[in-house]
Amino acid sequence: MTTHLALLRGINVSGHNMIKMEALKTTLENIGFQNVTTYIQSGNVFVTTEEDNPAKVGFLIKQEIFKAFGHEVPVVVIAKSDLEACLTNNPYLKEKDLDTKKLYVAFVSMALRNEAINDLKMSQVKPDQAHIDANKIYIKYAVSAGKTRLDQKYIEKKLNVTATIRNWNTVSQLLEMYNAFD
């Protein structure tokens, strides 16, 4: 059995794509997922299954959400190692007097080349900063996530990927939850 973390993009935001977490949990259990656990209303779902292919798990979840709720919701499935890498590979964590409220991680649907940072055209989003690490983009906002052009839509358009962004507190909490499954 493998535990996967599915990050759902764009649910329960400003009254759009509303899905109650209890209903989502029941829906996923009904198609055979076990140990379904959600974290906050923004779509962080742990599932345990015999399926070890993350892409297939993501497809099953996306398909079932559409069938049950009628919402087309992008899903990015990440491994525990992806969250662990956030702690060890995030270059901004080494900065003195860091405000972690300005730290975010964009999880993308495929591994990126380090050169893809050029495709983000960072000069257009300065003074925000980003660093690519495979299927993650570490982001440090100069002001806040609400006052930037470097958002999920910008990343998806520039890199032609599906992306979903989580703040640093959520990333830390999700890793703690992943550890509890061991």
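Me: Which residue stands opposite Val105 in strand 8?
Reply: Val105 stands opposite Arg166 there, and strand 8 pairs with strand 5 (residues 103–108) in the antiparallel sense over five bridges. Helices (H or I, at least four residues) and strands (E, at least two) are DSSP runs numbered from the N terminus, and two strands pair if DSSP finds at least two bridges between them.

Me: What should I know about the model itself?
Reply: This is a predicted model, in which local features need pLDDT of at least 70 and side-chain atom pairs count only at pLDDT 80 or more, while totals for chains, interfaces and linings use all residues. Residues are numbered from 1 along each chain as its sequence is written, and side-chain values use heavy atoms, with hydrogens and water left out.

Me: Back to strand 8, what is the order of the strands in the open sheet?
Reply: The order is 6-7-5-8, with antiparallel pairing, and the edge strands, strand 6 (129–133) and strand 8 (163–167), each pair on one side only.

Me: Which helix lies across strand 5, strand 7 and strand 8?
Reply: That is helix 5 (residues 152–159), which runs at about 145° to strand 8; contact means heavy atoms within 4.5 Å, and angles run from 0 to 180 degrees between N-to-C directions, with axes fitted to C-alpha atoms, for helices over the stretch in contact.

Me: Now the sheet with order 2-3-1-4, which strands stand at its edges?
Reply: Strand 2 (34–39) and strand 4 (75–78) stand at the edges, each with a single partner strand, so one side of each has no neighbour in the sheet.

Me: And what is the bridge partner of Leu7 in strand 3?
Reply: The partner is Asn44, and strand 1 (residues 2–8) pairs with strand 3 (residues 44–49) in the antiparallel sense over six bridges.
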